Amino acid sequence: MVASIPAPGQAHWSSKAAFVLAAVGSAVGLGNLWRFPAEAGANGGGAFVLIYIICVALIGAPLLLAETLIGRHGQRSTVASAALMARQSNASSAWASLAVVGMIANYLILTFYSVVAGWVLYFIWTSGSDVLRTMAAGQPFAGAYANLSVEQVRQQMPDLFSDPVKMSIAHFVFAATTTFVVARGVKGGIEVAATWLMPAFFVLLLGITIYAGISGDFSAAVAFLFTPDFARALEPQVLNSALGQAFFSLSLGGGAMIAYGAYASRDTNLGQTSGMISAADTGVAIIAGLAIFPIVFSVGLTPDAGPTLMFQTLPAAFHSMPAGALVALAFFVLALFAALTSSVSLLEISTAYFVERLRLSRGVVASLLGASFFLIGMVSVLSFNVWADHRPLAFLPGFENANWFDAFDGVTGRILLPLSGLITAVFIGWIADRKLVDDETGLQRSPLLPLWRFLIAWLCPIAVFLILLFGLFPQLIR
Ligand code: PHE
């Protein structure tokens, strides 16, 4: 086997636990709290959840192992790690395109991810002022926004959307915080953020779920999430959304997981950690569903609100719940922690690449990338108001009604991440040196190795290819 030589000055996590926490921090984010319930709600609940879990187990987790092992073997930026493995396998360095596509996709995700995280910040602000108000009034256990009517509570989100200044300020604060953490480095920034914020996240999530179980309609939520309508489960739209969600939620698609794998030590068993990370991320998505839907159902609201579920439906539900003010604040703080540990992984990918290529300091590179993704994100901010009727990709099927924000989300989630995942699966399954790959998996003597080999070489490429194809050209099956 050709051993890899770590790049000079390569950083490392201080322990295996730190790696797992940081990777779980990357995976657990707005994808779990905002996108998963929205997608599940819009795609029939149980049917979506069932297909989602199958996608994670058979496609997501195997790809997670493939990505972390590319990084750990290369000990460099994602692009250089993929190129190194290609070279050591006597393959064309064009295979590093998986990481180039992934890096571009992740950078574009960051531009709108920060805008959504900005909405979270805004709701921390409004719910925080609300808590101060209820405290001052001596009613700490009041419902959220008790001084407003339900209509006014629901109106908060459209009001925010029509105000580009407020949205830009919130987007700026989040972008600057992300940049600050990444500029501080792998150990001093990303690892510190993950080791403080993730445990706090889990405590808050558990608290809110128990609260939802006690004061919400828990059985309705369980029925909604776990009673699949099998006819719906096979609809191409549901399959496509579930696979896209698995990629997004597990931070797959040639980016974050290669980058974080590169800081993992040689004695980390990547087969094991991939299973742990996938299970933790899926567990959090389901628990988030069990926290959100009981609250939504208990006040008779519908689960299919889509992206507005977290910012419109949920605050309206907290309005009439006991201690709703406090719980609303806790919920949005939770979402902020999750978002920050994900956004730093999105920024880390291109930061590591340019530090390596341009030999500039991490602080300079992170700041330049931070400023630029903030500016590009402004396009998404404006797509909710000033440019609301722009349809930049109207010529592409499925994008007829997409504004700029939807275009960024759709192109990255539905095209670029799966495309990069497809190249990764073919590369690891067929092209890369077999021994070199197997030695990185930690599964050498386990029956899981042939299973993983089968999934990564056959199931992943075929399934991802078909879903990519039909997602882009739905008319093919109609
Ligand atoms: N997985 C993150 C989330 O669920 C988003 C993300 C996607 C992060 C891709 C990194 C790379 O919110």
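How many aromatic pairs does a search of the whole structure find? The search finds 28. Please bear in mind throughout that this is a predicted model.

Allow me to begin with one of these pairs, formed by Phe36 and Phe48. The ring centres are 6.1 Å apart and the planes meet at 55°, so the pair is classed as tilted, the class for angles that are neither under 30 degrees nor over 60. Phe36 belongs to helix α2, residues 30–42, while Phe48 belongs to helix α3; the pair therefore ties together parts that are twelve residues apart in sequence. Both partners are buried: Phe36 has a relative accessible area of 1%, and Phe48 has 0%.

Ring pairs also build a cluster. Its members are Phe112, Trp119, Tyr122, Phe123, Phe161, Phe311, Phe318, Phe331, Phe332, Phe384 and Phe405.

I turn next to a contact between a charge and a ring. The charged end of Arg35 sits over the ring of Phe248, at 4.7 Å from the ring centre.

Finally, I would draw your attention to the backbone. Which phi value does Gln75 adopt? Its phi is near 55°, which is positive although the residue is not a glycine. Gln75 is located in the loop that joins α3 (46–74) and α4 (78–88), and with a relative accessible area of 4% it is buried.

Ala323 likewise has a positive phi, about 60°, and is not a glycine. This residue lies in the loop between α14 (309–319) and α15 (324–358). Ala323 counts as buried because its relative accessibility of 15% falls under the 20% cut-off.

Technical notes:
Residues numbered from 1 in each chain as written. Predicted model: local features only at pLDDT ≥ 70, side-chain atom pairs only at ≥ 80, totals over all residues. Heavy atoms only, no water. Helix = DSSP H or I, 4+ residues; strand = E, 2+ residues; numbered from the N terminus. Buried < 20%, exposed > 50% of the residue type's maximum accessible area, 1.4 Å probe, protein only. Phe/Tyr/Trp six-rings, centres within 6.5 Å; stacked < 30°, edge-to-face > 60°. Lys NZ or Arg CZ within 6 Å of the ring centre and 35° of its normal.
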